[in-house]
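Please open the structure in your viewer and keep the sequence panel beside it, since each stop on this tour begins with a selection. The route starts where two chains meet and then moves through one of them.

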Amino acid sequence: MVYLTRRYRFSAGHRLHNEMLSAEENQRIYGKCNNPNGHGHNYLLEVTVGGRVDPATGYVFELPRMDGIVATSVLDKVDHKNLNLDLENFREQVPTTENLCLEIYNLLRAPLENAGAESGLRLDRVRLEETSQNFFECASDRAVQRP
Amino acid sequence: MIYVTRRAEFSASHYYHNPQFTPEENRRMFGKCNNPLGHGHNYTLEVTVGGSIDPKTGMVLDLKDLKTLMEQEVVQLMDHKFLNKEVPAFAEKNPTTENLAMEIWKLLAPKLLQGKLHRIRVYETSDLFVDYYGD
């Protein structure tokens, strides 16, 4: 089993705000991220897939196919978008990077694993940097168990 | 268990080609990587060794030994080389980053004096890397 990681970048705007909470609570929990006008980040996305290496090509998965799936399933939906308003799942869910990481994992898993079924391809991990100082990871059970 | 990682860099050229494919299939599968004249990358290798800390030294292993091993077994073999033509393992196998990681594991695992090889990570570019854990 070999694990391939590819990095992608996108830029998006968001506002962290929960309608169920009072204005004071929102301000206390989300601080400057609660600014009603929103703000944005340059996100760095790392996608890791694991599978068997095809002896005919030496590849786990063809990169152009991986790039195409990530573009169609994720980047086209989030790049230069307002996460709160342009993404259906964030109309009512706060677009924290935790939630966004999980959302991206769920968007990618089926298309990648179906496309790579021949080599037993699995989506191993999604790692999302909001800034260079913070990042979040969503991993398969197998990746979590690996030291 | 503590994990120690050491980095090394090497630069090499390669191309991807399967003689059993037609020229059209080779071009379709490997794209610009199929150019028979080759192209190159600056690779970064990360070798991670796991082990317990020796109470006498406070170390999992002597990093100088690991540096020397990586230099002798990998960098001298691959640095400023054409991988397809000059590294025997790639005479008939594509030097993809996947195969490179598995080959480097084979070169290093039996020669480690202390600790246990945990992971080989090979960066082909800063946006593309491969991990191999030996299984």
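Begin by selecting the residues at which the two chains touch: this contact draws 20 residues from chain B and 16 residues from chain A. On the side of chain B that touches chain A, the elements giving two or more residues are helix H4 (97-108) and strand S5 (128-132) of chain B. Of these, S5(B) gives the most, with five residues. If you colour that side of chain B by residue class, you will find ten nonpolar, five polar and five charged residues. Keep in mind while you look that this is a predicted model, which scores ipTM 0.84 and pTM 0.89, and that chain B has a mean pLDDT of 95, with 100% of its residues at 70 or more.

Next, keep S5(B) selected and add strand S1 (residues 2-14) of chain A, and you will see the two strands pair in the antiparallel sense over five bridges. To find your place along this pairing, pick Arg6(A), which stands opposite Leu128(B) in S5(B).

Now hide chain B for a while and look at chain A as a whole. Its secondary structure comes to five helices and five strands, and, followed from the N terminus, the elements run β-α-β-α-β-α-α-β-β-α. Taken along the principal axes, the C-alpha atoms of chain A fill a box of roughly 60 × 30 × 25 Å. Among the contacts in chain A with a separation of 6 or more, 67% are accounted for by residues 24 or more positions apart. Of the 147 residues in chain A, 32% are buried.

Select strand S4 (residues 122-131) and strand S5 (residues 134-139) of chain A, which run antiparallel and are joined by six bridges. The link from S4(A) to S5(A) is a hairpin that passes through two residues. Within this pair, Arg125(A) stands opposite Ala139(A) in S5(A).

From Arg125(A) you can step to Thr48(A), because Arg125(A) is among the residues that Thr48(A) touches once those up to four places away in sequence are set aside. The others in that set are Tyr3(A), Leu4(A), Thr5(A) and Asp124(A). Thr48(A) itself belongs to strand S2 (residues 39-51) of chain A. Is Thr48(A) buried or exposed? It is buried, because 21 other C-beta atoms lie within 10 Å, where 20 or more are required. If you draw a distance from Thr48(A) to Thr5(A), C-alpha to C-alpha, you should read 4.2 Å, although the two residues are 43 apart in sequence.

Go back to strand S1 of chain A and select His14(A), which is found there. With 24 C-beta neighbours inside 10 Å, His14(A) counts as buried. Which residues does His14(A) touch, not counting those up to four places away in sequence? They are Gly38(A), Leu83(A), Asn84(A) and Pro95(A). The last of these, Pro95(A), is 81 residues from His14(A) in sequence, yet their C-alpha atoms are 6.7 Å apart in space.

For contrast, move to another histidine, His80(A), in the loop between helix H2 (63-78) and strand S3 (81-82) of chain A. His80(A) counts as exposed, because it has 11 C-beta neighbours inside 10 Å, and the limit for that class is 12 or fewer. Its backbone deserves a look as well, since phi of His80(A) is near 55 degrees, a positive value in a residue other than glycine. Bring chain B back and select His80(B), which lies in the loop between helix H2 (63-78) and strand S3 (81-82) of chain B. There too phi is near 55 degrees and positive, and His80(B) is exposed, with 11 other C-beta atoms within 10 Å.

The last stop is the largest nonpolar core, which has 54 residues. Select Val2(A), Val49(A), Ile104(A), Leu108(A), Ala101(B) and Val122(B), the residues with the most contacts inside this core. Helix H4 (residues 97-115) of chain A supplies its largest share, six residues. In soluble globular proteins, nonpolar side chains tend to be buried together. To finish, centre the view on Leu108(A), which, leaving aside its neighbours within four places in sequence, is in contact with Val47(A), Val70(A), Ser73(A), Val74(A), Leu123(A) and Val126(A).

Technical notes:
Residues numbered from 1 in each chain as written. Chains lettered and ligands numbered in written order. Predicted model: local features only at pLDDT ≥ 70, side-chain atom pairs only at ≥ 80, totals over all residues. Contact = placed C-beta atoms within 7 Å. Helix = DSSP H or I, 4+ residues; strand = E, 2+ residues; numbered from the N terminus. Nonpolar A, V, L, I, M, F, W, Y, C, P; charged D, E, K, R; others polar. Pairing = 2+ DSSP bridges. Core = buried A, V, L, I, M, F, W, Y, C linked by C-beta atoms within 7 Å. pLDDT = per-residue confidence, 0-100.
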